[in-house]
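Welcome! Take a moment to turn the model around on your screen, and then let us walk through some of its contacts together.

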Amino acid sequence: MLSNAFKALACPLDGGPLTQAEGVWRCTVGHSFDIAKQGYVNLLPVQNKRSNDPGDSKAMVAARQRFLNAGYYQPVAEAVRHAALNDASENEWLSCLDAGCGEGYYLRQLASTALQIPLALIGLDISKWAVMAAAKQSRQQEQDHQPGQGRRHSATWVVGSNANLPVQSATLDRLLCMFGFPVMSEFARALKPGGLLLQVEAGSNHLRELREIIYPTLKPERNAEPAVPEGFSLQATDTIRYPLTLNDKDSIADLLAMTPHLYRASAEGRERAAALETLTVSVDVRLITWIKNT
């Protein structure tokens, strides 16, 4: 791990700063958290869990990993990369946390397309399966890196909750929330003044064709402008739209499995999706960039 790895993790029990030594993160009070052999740390206290295995299941994580690694959401990743790194300097480290990182696709995209910008990346998810997959793929990405390419990145992978981000206040330059569950008060606390929150959410027509197949009817969509959260100002709103064609049953199954629609649809709806040989869906995503007030 690089010497400029993100060092501003906070103890989830008392909020104090954590320091790393000999495979353990420890606070001054004495709480300690082991770094797992896969390369991540669990900072989600048992008392903060709502179930024994919160977040996405191992099967959902695997489906999302296959789907995203196939490049189907590459235009979304490109838009996020541009918004996150547009004014980044090659001379200063940029700390970026993905709140609800899943298996780490969007952070890996940042790392692979911004070789000259020094990035201290933090991926956080409530699902241990997601964080395990992210840490594994990140380690593989580091091993595949060829020396001499000028890459200056580090990644820290954490099991944790958006409701209580285990990072010290005002330490983040960028914060991503990709189709996730934003907790704006926590995001505002963790970001530096002038830091950016990049929030990606589904638009009214996102995956509409799939939804029309698995549901009897669709609920009317609300297209209201997002309310400005306390502590932020709106910097920009962008829309990413394009058709996406899936030409095999496995890709269709992975798309359904990586979304909440898998559990919301009836058995009959899932059967209709499983019978498809090909499917063209609309990707309709809104990228909202908020700036933390100074």
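## Charged partners

D87 has a relative accessibility of 60%, so this residue counts as exposed. Keep in mind as you read that the model is predicted. Which residue forms a salt bridge with D87? The partner is R174, and the closest N and O atoms of the two are 2.9 Å apart. D87 sits in the loop between helix 2 and strand 5 (94-99), while R174 belongs to strand 8, so the salt bridge ties together parts that are 87 residues apart in sequence. Is R174 buried or exposed? With 6% relative accessibility, R174 counts as buried.

How many salt bridges are there? The count comes to ten. Another one joins E201 to R286, with 2.6 Å between the closest N and O atoms. Here E201 lies in strand 9 (residues 191-202) and R286 in strand 11 (residues 279-292), so this pair ties together parts that are 85 residues apart in sequence. E201 has a relative accessible area of 22%, which makes this residue partly exposed. The side chains of D56 and R64 also meet in a salt bridge, at 2.7 Å from N to O. D56 is partly exposed at 21% relative accessibility, and R64 is buried at 15%. The cut-off for buried is under 20% relative accessible area, so D56 and R64 fall on opposite sides of that limit.

## Rings that meet

Now look for the aromatic side chains. A pair of aromatic rings is described by the distance of the centres and the angle of the planes. In the whole structure, a search finds four aromatic pairs. One of them is formed by F67 and Y72: the ring centres are 4.7 Å apart and the planes stand at 40 degrees, so this pair is tilted. Both F67 and Y72 are buried.

Y73 and F179 make another pair, with 6.2 Å between the ring centres and 35 degrees between the planes, so this pair is tilted. Where do these two residues lie? Y73 is in the loop between helix 1 (58-69) and helix 2 (74-85), and F179 is in the loop between strand 8 (172-178) and helix 5 (184-190), so the pair ties together parts that are 106 residues apart in sequence. Y73 is buried, at 3% relative accessibility, whereas F179 is partly exposed, with a relative accessible area of 31%. Ring pairs link F67, Y72, Y73 and F179 into a cluster.

## Nonpolar cores

In soluble globular proteins, nonpolar side chains tend to be buried together. How many residues are in the largest nonpolar core of this model? This core has 55 residues, and those with the most contacts inside it are F67, Y73, V76, L110, W157 and L244. Helix 2 gives the largest share of the core, with six residues. F67 and Y73, which you met in the ring cluster, are thus worth finding again on your screen.

Leaving aside residues up to four places away in sequence, F67 touches Y72, Y73, L244, L246, S251, D254, L255 and M258. There is also a second, separate core of 30 residues, and among its members are L9, L175, L191 and W290.

## Two residues in strands

L279 lies in strand 11 and is buried, with 7% relative accessibility. Which residues does L279 touch, not counting residues up to four places away in sequence? They are L210, I213, L244, T245, L246 and I252. From C-alpha to C-alpha, L279 and L210 are 7.9 Å apart in space, although 69 residues apart in sequence.

A155 has its place in strand 7 (residues 153-159). This alanine is buried, with a relative accessible area of 12%. A155 and A111 are 44 residues apart in sequence, and their C-alpha atoms are 9.1 Å apart in space.

## Enclosed spaces

How many cavities of 30 Å³ or more does a search of the whole structure find? There are two. The second largest cavity holds about 30 Å³ of space. Its lining is made by P12, L43, L44, P45, N48, G160, S161 and N164.

Terms used
Residues are numbered from 1 along each chain as its sequence is written. This is a predicted model: local features need pLDDT of at least 70, side-chain atom pairs count only at pLDDT 80 or more; totals for chains, interfaces and linings use all residues. Side-chain values use heavy atoms; hydrogens and water are left out. Rings of Phe, Tyr and Trp (its six-membered ring) pair if their centres lie within 6.5 Å; planes under 30 degrees apart count as stacked, over 60 as edge-to-face and the rest as tilted. Buried means under 20% relative accessible area, exposed over 50%, partly exposed in between (1.4 Å probe, protein chains only). Helices (H or I, at least four residues) and strands (E, at least two) are DSSP runs, numbered from the N terminus. A nonpolar core is a set of buried Ala, Val, Leu, Ile, Met, Phe, Trp, Tyr and Cys residues joined through side-chain atoms within 4.5 Å. Contact means heavy atoms within 4.5 Å. A salt bridge is a side-chain nitrogen of Lys or Arg within 4 Å of a carboxyl oxygen of Asp or Glu. On a 1 Å grid over the protein atoms alone, a cavity is a set of points where a 1.4 Å probe fits but cannot get out, and a pocket is an open set with protein on both sides within 12 Å along at least five of seven lines; lining residues have an atom within 4 Å of a point. Grid points are joined across faces, edges and corners, and a volume is the space filled by probe spheres set on the points.
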